Amino acid sequence: MLDREDLSRELEADLRSGGVFAVYQPLIEVATGVLVGVEGLCRWRRSHGPEIGPDVFIPVAESTGLIHELGRFMLDECLAALDRWRGAGRQIEVSVNVSPLQLTDATFAADLAAKMIERASTPPALTIEITESLPLRHLDEIVPRLEELRAIDVGVSLDDFGSGNASVAQFQLLPLTEVKFDRSLIQSGSASAKEELRDAADRARELGLRTVAEGVETPAHLELARELGCDRAQGFLLGAPMLVAEMDAVLRR
Ligand code: C2E
Ligand code: CA
Ligand code: CA
């Protein structure tokens, strides 16, 4: 059995030799059905051994600090793809998951700003997604970092809302532009989940935040997103994560 250190070393080697890559999942505007953005998700093609998903290898990378290099790689990949799509005339946006650990790096925002200036063509079309489990922990450290990102026109999305114990009160504690409702809430079907979603959607609207329904797998889930007034929806019904070449083809259509 590989331990965390072994696994992280293997991931590090593969990251440096091209075994780590991004896939892209469509974000659809609910009102029009138009593809308006994509979320970049990390994949690891292991040189040996069974496939491991990001829900497993991201925590490993966090535990050893490799997440900083992995996170920079994902931002580079996603910004490069964004540039190409925009260069080809597509009004598309990109969202990238960022670990709370990356935000504890004091130069995170400055490094990202430098990357964006390097790509002079990149208009404000990048959103970073942070999970709702983090903010309560290092709030003092993270809020100023997020404010620096907002100052350079990077959007900030609260991911997985409803999967843990975040409350709508948090919407105001963080300098957010978007809230994503976790698939557990969207798919639940229970009256209490709908109530929680309605509350959260109303509060988000009052604060001028964009809302995204995650885990849309059925027409009923999409209908719920519409009912809630969600701006965007994401899920297997609308498009699974795909390789960049496949996304290129989708965007050419
Ligand atoms: P997430 O940010 O909530 O990403 C959405 C996850 O839900 C993705 O899993 C996606 O494939 C999956 N998904 C999308 N639509 C549906 C659907 O309709 N039904 C179901 N059942 N699932 C759906 P994935 O790619 O395995 O990623 C898992 C988690 O790993 C992500 O959850 C995110 O927290 C983390 N992650 C992935 N890539 C990165 C990364 O580059 N950096 C960081 N820090 N975390 C990442
Ligand atoms: Ca996400
Ligand atoms: Ca999510």
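Select Phe57 to begin: at 0% relative accessibility, this residue counts as buried, a word used here for a relative accessible area under 20%, while exposed means over 50% and partly exposed lies in between, with a 1.4 Å probe and protein chains only. This is a predicted model, in which local features need pLDDT of at least 70, side-chain atom pairs count only at pLDDT 80 or more, and totals for chains, interfaces and linings use all residues. Residues are numbered from 1 along each chain as its sequence is written, chains are lettered from A and ligands numbered from 1 in the order in which they are written, and side-chain values use heavy atoms, with hydrogens and water left out.

**Aromatic pairs**

Rings of Phe, Tyr and Trp (for Trp, the six-membered ring) pair if their centres lie within 6.5 Å, and planes under 30 degrees apart count as stacked, over 60 as edge-to-face and the rest as tilted. By this rule the model has 4 aromatic pairs. Add Trp44 to your selection, and you will see that Trp44 and Phe57 form an edge-to-face pair, with 5.8 Å from centre to centre and 85 degrees between the planes. This pair links distant parts of the chain, since Trp44 is in strand S2 (residues 35-44) and Phe57 in helix H2 (residues 54-64), 13 residues apart; the helices (H or I, at least four residues) and strands (E, at least two) are DSSP runs, numbered from the N terminus. Trp44, at 4% relative accessibility, also counts as buried.

Now move to Phe161 and Phe171, whose ring centres are 5.1 Å apart with their planes at 65 degrees, so this pair is edge-to-face. Phe161 lies in strand S5 (residues 155-161) and Phe171 in the loop between S5 and strand S6 (178-181), so the pair ties together parts that are 10 residues apart in sequence. Both Phe161 and Phe171 are buried. If you add Phe181 to the selection, you have one aromatic cluster, formed by Phe161, Phe171 and Phe181.

Go back to Trp44 and select Arg46 as well. Arg46 lies over the face of Trp44, at 5.4 Å from the ring centre; a charge sits over a ring if NZ of Lys or CZ of Arg is within 6 Å of the ring centre and within 35 degrees of the ring normal.

**Met74 and its contacts**

Next, select Met74 in helix H3 (residues 67-87). Is Met74 buried or exposed? Its relative accessible area is 6%, so Met74 is buried. Leaving aside neighbours within four places in sequence, Met74 is in contact (heavy atoms within 4.5 Å) with Phe21, Ala22, Gly40, Leu41, Cys42 and Val96. Although Met74 and Ala22 are 52 residues apart along the chain, their C-alpha atoms are separated by 6.7 Å.

**Empty space**

Rolling a probe the size of a water molecule over the atoms shows where empty space is left. On a 1 Å grid over the protein atoms alone, a cavity is a set of points where a 1.4 Å probe fits but cannot get out, and a pocket is an open set with protein on both sides within 12 Å along at least five of seven lines; lining residues have an atom within 4 Å of a point. Grid points are joined across faces, edges and corners, and a volume is the space filled by probe spheres set on the points.

To find the largest cavity, which has a volume of about 90 Å³, select its lining: His68, Arg72, Leu75, Gln102, Asp105, Phe108, Asp111, Leu112 and Lys115. H3 and helix H5 (108-118) each supply at least two of these residues, and H5 gives the most, with 4 residues.

For the largest pocket, which holds about 1100 Å³ of space, select Glu39, Leu41, Asn97, Asp159 and Asp160, which lie nearest its centre among the 38 lining residues. The elements that give two or more residues to this lining are S2, H2, H3, strand S3 (93-97), helix H4 (100-103), strand S4 (126-131) and S5.

**Two backbone angles and a last stop**

Stay with Asp160, found in strand S5, which has a positive phi of about 60 degrees although it is not a glycine. Then select Asp153, in the loop between helix H6 (139-151) and S5, where phi is near 70 degrees, again a positive value in a residue other than glycine. At 46% relative accessibility, Asp153 counts as partly exposed.

Finish at Glu227 in helix H9 (residues 219-228), which counts as exposed at 52% relative accessibility. Glu227 and Val60 are 167 residues apart in sequence and 38 Å apart in space, C-alpha to C-alpha.
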